[in-house]
Amino acid sequence: MKQSRIGLTAGLAVAVLVAGCNSNSGGEAKPSKTLKELGKDEKASIKVLYFDKNYFFQQYGNMFTAKFPNIDVQVVSTQNIYGSGKDPNEAFQKLVEEEKPDVLLLDSSEMFEKWANDGKLYQLDDVIRQDKFDIENILPSVVEQIKAKGNGNIYGLTPSFDSQVLFYNKDLFEKHGVPLPKNKMTWNEVMDLAKRFPKNGQGDNRIYGYADNGSFYSDKKQVALQMMTTMGKTNGLSIVDPDKGAVTIQSDGWKEALLSTVEALKSGAVFAGNNEQFDPSKPMTEDPMKKDLFATGKLAMTVGGSYTINGLQRSKEMLKDVTPVNWDVVTVPVDPKNPEVSNSISLSSLFAVNANSSNPRAAWELVKFINSDDMAKLLTKSEDGTLLSRTAYAKEREGRSMEPFYMLKINEHTLYKNPNKIPGEFFQPFYELAQNEVISVVEGKKSADDALKTMQEKGQEAYIKAKQEQDVKNAKEGKDQKPAEPAKN
């Protein structure tokens with residue numbers, strides 16, 4: 001696969017210089033060191049795959065066209081690839097084949113990794129050096145993750161990234177005499193702080209030390225499993241080894257995460273979810289914002305992303321009868337054995353040049369512009385909660401430093417996983433199984449060892465079944481894939 005990818009890149013680069021020539025004659029060809037620049041009067045036309053035409057031009061297109069009036073930009077919307085019964089990945093592939101766009105927006109690092117390693121994206125390392133494009137001032141974790149997804153090479157860039165932090169209510173901490181959270185705490189330290197808040201309040205006077213992000217809308221089983229998996233993943237654990245096709249949940253590390261979850265939920269310091277079932281046929285009788293315990297001042301700590309700040313701002317504007325939260329942030333909890341890293345940093349909105357682009361130079365100009373320092377300056381004026389990849393613009397929000405979002409490095413242990421190898425049909429049955437097993441331990445009906453044993457054995461059966469179903473589906477579709485042999489107990 002690597003050989004064909006390099007050949008594609010070489011062929012494209014030379015094709016720009018010598019029309020009709022094909023440099024890929026087999027073997028380990030190297031990408032061209034040059035990509036001819038467009039002359040000021042040289043016309044070019046490119047297509048961009050993006051989720052919405054109007055938003056693209058509002059965000060990037062109008063400014064790009066003003067700077068490059070000789071490059072005509074057309075937008076192909078991806079909105080129709082999502083819908084009931086559709087496989088978004090297959091629909092995306094079909095759209096690319098039909099429309100032949102020059103620039104692709106890949107909305108997940110998993111999709112980006114697959115397209116890069118399948119030879120479908122143009123390698124950008126040489127043109128970045130050729131144009132002296134500044135990537136030194138992009139957050140190192142972002143560049144490292146991009147390279148990791150491309151086997152050490154750069155196949156795309158993103159102007160933004162996602163990261164999480166621990167939000168806390170300063171007034172609640174001060175009122176109850178609890179020391180304020182610090183950067184790089186462990187989960188045990190966070191739970192120790194949570195347990196110092198009173199647990200005897202009733203109704204609107206009940207407060208909690210901690211709640212998982214989104215648990216306000218989840219039932220008890222979902223909350224328990226979410227807490228366990230969050231703690232485990234922080235410490236570098238995984239549920240599945242995709243290379244071996246093996247479920248890996250029966251381990252000392254996962255047992256520790258499960259027991260910590262049980263202790264935290266039994267303490268009463270952690271919001272344990274509710275059993276309300278959402279019914280779309282019934283009208284909502286209460287503002288959903290009022291279910292947010294953090295926004296309504298009933299929660300000391302929660303983990304959230306940069307968009308949580310926008311939610312707090314909306315709550316401040318909409319909930320007139322609620323005192324706005326005096327919030328601040330520190331880094332997410334870390335693995336005590338590796339406190340400088342986090343697995344909460346992820347990439348989305350990756351822009352890449354189609355390996356089959358007929359106009360790779362113009363396509364690169366657009367990708368370069370979207371990820372430029374000038375574009376980052378303009379995006380700082382946006383209050384949509386985006387975290388910019390360029391570290392010079394790690395600005396404050398509402399007087400609070402955003403440094404905790406940028407402080408930790410990406411956990412390299414999580415970079416080289418191969419999530420695309422895991423059959424999609426595995427997850428739902430496994431999580432349903434795991435929810436029941438974890439809550440059985442919380443309720444004292446089962447030991448941690450027995451629950452993990454069941455999750456391991458039944459989970460492996462679910463994995464094998466899902467893998468077999470995927471192989472049958474691939475065979476029917478004529479996909480030439482050699483499946484990994486699932487591990488057997």
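Which backbone nitrogen does the side chain of Q456 reach at 3.1 Å? I began with this residue, keeping in mind that the model is a predicted one. I found that the side chain of Q456 reaches the backbone nitrogen of Q250 at 3.1 Å, and that it also reaches the backbone nitrogen of I249, again at 3.1 Å.

**Entry on Q456.** I located Q456 in helix 17, which spans residues 448-476. I then looked up its accessibility, and at 10% relative accessibility Q456 counts as buried, because the cut-off for buried is under 20%. I also checked how far the chain travels to bring this region together: Q456 and T248 are 208 residues apart in sequence, yet their C-alpha atoms are 6.9 Å apart in space.

**Entry on E37.** I turned next to E37, which I found in the loop between helix 1 (2-17) and strand 1. Is E37 buried or exposed? Its relative accessibility is 54%, and E37 therefore counts as exposed, given that the cut-off for exposed is over 50%. Setting aside neighbours within four places in sequence, I listed the contacts of E37 as E42, D131 and R361. I also noted that the C-alpha atoms of E37 and E365 are separated by 9.2 Å, although the two residues lie 328 residues apart along the chain.

**Entry on the sheet with strands 1 and 2.** I traced an open sheet of four strands, whose order is 2-1-3-12 and whose pairing is mixed. Strand 2 and strand 12 (350-353) stand at its edges with a single partner strand each, so one side of each has no neighbour in the sheet. From one strand to the next I read an average twist of 20°.

Within this sheet I looked at the pairing of strand 1 (residues 44-50) with strand 2 (residues 71-77), which is parallel and runs over seven bridges. I recorded two of the bridge partners: S45 is matched with D72 in strand 2, and Y50 is matched with S77 in strand 2. I then followed the chain from strand 1 through helix 2 (residues 53-67) to strand 2, and this β-α-β crossover is right-handed.

I noted that helix 3 (residues 88-99) lies across strand 1, strand 2 and strand 3 (103-106), running at about 165° to strand 1. In helix 2 I picked out Q59, which at 16% relative accessibility counts as buried. Beyond residues up to four places away in sequence, I found that Q59 touches M375 and L379.

**Entry on the sheet with strands 6 and 9.** I traced another open sheet of four strands, ordered 6-9-5-10, also with mixed pairing. Here the edges are strand 6 (208-211) and strand 10 (327-331), each having a single partner strand, so one side of each is left without a neighbour in the sheet. The twist I read here averages 25° from one strand to the next.

How many bridges join strand 6 and strand 9? I found three, with strand 6 and strand 9 (residues 299-305) paired in the parallel sense; in this sheet Y208 stands opposite L299 in strand 9. I then looked up the helices that lie across these strands. Helix 8 (residues 187-194) lies across strand 5 (164-169), strand 6 and strand 9, and runs at about 145° to strand 6. Helix 11 (residues 307-318) lies across strand 5, strand 9 and strand 10, and runs at about 125° to strand 9.

**Entry on the nonpolar cores.** I asked which residues touch the most other members of the largest nonpolar core. In this core of 81 residues they are F56, L106, L121, F167, W327 and W364. Helix 12 (residues 360-370) gives the most to this core, with seven residues. Apart from it I found another core, of 55 residues, including F197, A224, V240 and W254.

I ended with W327 and listed its contacts beyond four places in sequence, among them F167, Y168, F294, I309, L312 and M402. The same list holds K170, R397, E398 and R400, so named here to complete the set of residues in contact with W327.

Notes
Residues are numbered from 1 along each chain as its sequence is written. This is a predicted model: local features need pLDDT of at least 70, side-chain atom pairs count only at pLDDT 80 or more; totals for chains, interfaces and linings use all residues. Side-chain values use heavy atoms; hydrogens and water are left out. Two strands pair if DSSP finds at least two bridges between them. Axes are lines fitted to C-alpha atoms, for helices over the stretch in contact, and angles run from 0 to 180 degrees between N-to-C directions. Contact means heavy atoms within 4.5 Å. A crossover is right-handed if, with the strands pointing away from the viewer, the path from the first strand over the helix to the second runs clockwise. Buried means under 20% relative accessible area, exposed over 50%, partly exposed in between (1.4 Å probe, protein chains only). A nonpolar core is a set of buried Ala, Val, Leu, Ile, Met, Phe, Trp, Tyr and Cys residues joined through side-chain atoms within 4.5 Å. A polar contact is a pair of N or O atoms within 3.5 Å; within protein, one must be able to donate a hydrogen and the other to accept it, and residues adjacent in sequence count only if both atoms are side-chain atoms.
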